[in-house]
Amino acid sequence: MNSSHSHRIGVLLAAFGCVLVGASFTAGGALVGYPHAGGQALRYGVACVLLVPLLLVPAHRGAVRRLRALTAGQWGLAAAVAAVGMVGFNLSVLAAERTAEPAVPGVLVGCAPIVVAVFVPLAVGRRPTAAVSAGALLVAAGAFVVQGWGGTDQAGLVWSVLALGGEIGFALLAAPLVGPLGPPLLSACVCGLAAVEAGGLALATDGVRVPTGAESLALGWQAVLATVVAFVCWYGGLRRLGTERTTLFSGLIPVSAALTAPLAGVGTLGFAQLAGSALVAAGVALGSGVVGRRGARPGTTERARGVVAEGRAVAEGSATTGELAARRPTAPGRTG
């Protein structure tokens, strides 16, 4: 497998993961009346349990050894991914939607590729990549066209900005952990931590109750497809593409939500959704290297590519983690 093939796999994994996350927004409509923190605790707890058997297959053995090898700082990063990028993200979105239309946090979260592609490199003294920056602008513009801009007050806007921080933190804080753990083990680890964090929050706030039939189906969709499958795919893409390119695919989340909502009778599909989707697709293709990517040199081994990709992810994540810690990144509800 050459590097060009590995790149294509990364593109497919990142795209598929984000499409599943976007589709889960439609399923989340059935959970409006369910305790928010309690629902997240159940969702991530089930996801963690489902991921454990995957770690027992020959390709992923040694999970316990790799977990034991983690430093206190790496465990702190994993806990931050769960708190900021998962639990915090979800609660911020839900809080924003109390006084803001759903499009407001959606549009701001759609700006995550711009922040990662432009401001993160500048923060660590590196020039932004022209293609990735241009792609990020197209993705953000497409997200705005798909969703439009709704009404909000100051509180709704603040919570939406916190949601943007959560989306950014989900990728940046996890980047240094993809290499040491691998996508399946990293997904299981952060899901377990998120279940504990959300469970503690649920005990202190709204508690947990037995879900109804519709709520059980929605939680099951979110746990299996929007968490187990989507997280493994996302981190698999992150490992192959790097942080900046992978974050571009988050623009597919509002597109997927807009395209699947009519299937559930909770939205309409019009020119704005189609035009915005085209902009997002163009931005992802340009920024991720699908368009204009040169062929890889023959003879590059998969192991060598993996080392390079892991090193790049760790370097980007480690550098940006310090910046994020100094600026205290914050976390809309990661329903996927």
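**Close-up views: aromatic rings and a helix crossing**

Four aromatic pairs turn up when the whole structure is searched; rings of Phe, Tyr and Trp (its six-membered ring) pair if their centres lie within 6.5 Å. The model is predicted, so local features need pLDDT of at least 70 and side-chain atom pairs pLDDT 80 or more, while totals for chains, interfaces and linings use all residues. Residues are numbered from 1 along each chain as its sequence is written, and side-chain values use heavy atoms, without hydrogens and water.

**View 1. The aromatic pair of Phe170 and Trp234.** The ring centres lie 6.3 Å apart and the planes differ by 35°, a tilted pair (planes under 30 degrees apart count as stacked, over 60 as edge-to-face, the rest as tilted). Phe170 belongs to helix 8 and Trp234 to helix 11 (residues 213–241), 64 residues apart. Both Phe170 and Trp234 are buried (under 20% relative accessible area, 1.4 Å probe, protein chains only).

**View 2. The aromatic cluster.** Phe170 and Trp234 join Phe231 and Tyr235 in one aromatic cluster.

**View 3. Helix 6 crossing helix 8.** The axes (lines fitted to C-alpha atoms over the stretch in contact) of helix 6 (residues 112–123) and helix 8 (residues 154–172) come within 9 Å and cross at roughly 60°. The two helices are therefore oblique to each other (not under 35 degrees, over 145, or 65 to 115).

**View 4. The contact of helix 6 with helix 8.** Ala112, Val115, Val116 and Val120 of helix 6 meet Leu164, Glu167, Ile168 and Leu172 of helix 8 (contact: heavy atoms within 4.5 Å). By class, seven of these residues are nonpolar, none polar and one charged.

Notes:
Axes are lines fitted to C-alpha atoms, for helices over the stretch in contact, and angles run from 0 to 180 degrees between N-to-C directions. Helices (H or I, at least four residues) and strands (E, at least two) are DSSP runs, numbered from the N terminus. A crossing is left-handed if the near helix is turned anticlockwise from the far one by less than a right angle, and right-handed if clockwise. Ala, Val, Leu, Ile, Met, Phe, Trp, Tyr, Cys and Pro count as nonpolar, Asp, Glu, Lys and Arg as charged, and the others, Gly among them, as polar. Buried means under 20% relative accessible area, exposed over 50%, partly exposed in between (1.4 Å probe, protein chains only).
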